[in-house]
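Please open the model in a viewer and keep the sequence panel visible. The tour below proceeds by selection, one stop after another.

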Amino acid sequence: VASEKQNLLVGRERELDQLRKTIQLGRSLLIEGPVGVGKTHLVREALVRVGLKAIRVDGDSRYTEQKLTGWFDPPLVLKQGYRAESFIPGPLVEAMTGGKILFINELNRMPEGVQNILLPALDEHLLQIPHLGEVKAKKGFAVIGTQNPREFTATHALAEALLDRFELIRLGYQGEQEERAILAGQVGSKLADPKLDSVVRLIRATRSHPAIKRGASIRAGLAICDLLRSDLDFETACLMALSARIEMVSPDDDPATILKDLLAQVVPHAQKKNETRP
Ligand SMILES: Nc1ncnc2c1ncn2[C@@H]1O[C@H](COP(=O)(O)OP(=O)(O)OP(=O)(O)O)[C@@H](O)[C@H]1O
Ligand SMILES: [Mg+2]
């Protein structure tokens, strides 16, 4: 199972190397890239490959500072006062005291107050907790964060002070061969080669279409392939998987119209030869 799992990461050798070296130096790292490009997957697989256990946290706007650091359990405080034994460590304290990696997925979805907690932990490897005192990080502690770039609307930008404490890896879409290998790895022999090629060509074409602001990621490609395991026809599967996943330059444009157009250009054969509609 272990070796099977390692093969789950297609390509990304350079990023893997950067990731490994940065972690070994105890430095913290931010992975930035568009939705669905493979940020979370890269970090997860990289940690498996280097054999490091990480504590994972998923950022959201209701995440609190106490949830990240830890908190004093009120009944325990009543019984024994503010002692270390009354403190329930959160993921940050656990990672620091255990010398582990803290993996914060979607770091920029965290409220600013939570992001600020990380500042001293990142550069001094220290954290002050009221009533508990100073928490020191053991060797091995580092933070790996993922985030979408600034232009993605639903996310806030990380504070400059926080950005200044991370090394950055920008992830872009992978090459055609690698994207094909990712899809093939997931659907295996269940999908004929020409169809697989068509899916790759289509998602890649959405990224350079002038009317499309945000094209389809490999995750969208995986969704099409998954739908195609049923007897849905190619066009239907593509429209279902892509319509909500791409963003048009002009809100008046109908994604379906553009997608049908692209389909006709990019996969004329798949449309005519391989598909028969009931
Ligand atoms: N190099 C790769 N090898 C194998 N599978 C990959 C690779 N890159 C991405 N994937 C697959 O693509 C899908 C999307 O990847 P992932 O969830 O990591 O994207 P993300 O960048 O974290 O997206 P989001 O911005 O939505 O958080 C996952 O199913 C993942 O397994
Ligand atoms: Mg992710």
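In which loop is the place of Glu106? Select Glu106 and the answer appears between β5 (101–105) and α7 (112–123); helices (H or I, at least four residues) and strands (E, at least two) are DSSP runs, numbered from the N terminus.

**Conventions**

This is a predicted model, in which local features need pLDDT of at least 70 and side-chain atom pairs count only at pLDDT 80 or more, while totals for chains, interfaces and linings use all residues. Residues are numbered from 1 along each chain as its sequence is written, chains are lettered from A and ligands numbered from 1 in the order in which they are written, and side-chain values use heavy atoms, with hydrogens and water left out.

**Two positive phi angles**

Remain at Glu106. Its phi is near 55°, a positive value in a residue other than glycine. Most residues other than glycine have a negative phi. Glu106 has a relative accessible area of 25% and is therefore partly exposed; buried means under 20% relative accessible area, exposed over 50%, and partly exposed in between (1.4 Å probe, protein chains only).

Next, select His125, in the loop between α7 and β6. Here too phi is positive in a residue other than glycine, near 60°. With a relative accessible area of 26%, His125 is partly exposed.

**The whole protein**

Zoom out to the full chain. Its secondary structure comes to 14 helices and eleven strands. Along the principal axes, the C-alpha atoms fill a box of roughly 75 × 45 × 35 Å. Of the 278 residues in the protein, 45% are buried.

**Ligand 1**

Select ligand 1 and display its shell. A residue belongs here if one of its heavy atoms lies within 4 Å of the ligand. There are 19 residues around ligand 1, of which Leu8, Val10, Lys39, Thr40 and His41 come nearest.

Now show the polar contacts, that is, pairs of N or O atoms within 3.5 Å (within protein, one must be able to donate a hydrogen and the other to accept it, and residues adjacent in sequence count only if both atoms are side-chain atoms). Three stops follow:

- Gly36: a backbone N or O atom lies 2.9 Å from an oxygen atom of ligand 1.
- His41: a polar backbone atom is 2.7 Å from an oxygen atom of ligand 1.
- Asn148: an N or O atom in the side chain is 3.1 Å from an oxygen atom of ligand 1.

Taken alone, ligand 1 exposes 630 Å², and the protein buries 86% of that; accessible areas come from the Shrake-Rupley method with a 1.4 Å probe, and for residues only the protein chains shown count as cover. Colour α3 (39–50) and α11 (218–227), the elements that give two or more residues to the shell around ligand 1. By class, this shell has nine nonpolar, six polar and four charged residues. Ala, Val, Leu, Ile, Met, Phe, Trp, Tyr, Cys and Pro count as nonpolar, Asp, Glu, Lys and Arg as charged, and the others, Gly among them, as polar.

**Two buried serines**

From α11, step back to Ser217, in the loop between β10 (212–214) and α11. Ser217 is buried, with a relative accessible area of 7%. A polar atom of its side chain lies 3.1 Å from the backbone nitrogen of Arg219.

Then select Ser28, in the loop between α2 (13–24) and β1 (29–32). At 7% relative accessibility, Ser28 counts as buried. Its side chain reaches the backbone nitrogen of Val143 at 2.9 Å.

**Helix α12**

Select residues 234–242. Why is helix α12 largely enclosed by the rest of the structure? Seven of its nine residues are buried: Phe234, Glu235, Ala237, Cys238, Leu239, Ala241 and Leu242. At the N-terminal end, Asp233 caps α12, with a side-chain oxygen 3.2 Å from the backbone nitrogen of Glu235.

**Strand β11**

The final selection is Glu247, found in strand β11 (residues 247–248). Glu247 counts as partly exposed, at 29% relative accessibility. Add Thr206, 41 residues apart from Glu247 along the chain; the two C-alpha atoms are separated by 9.8 Å.
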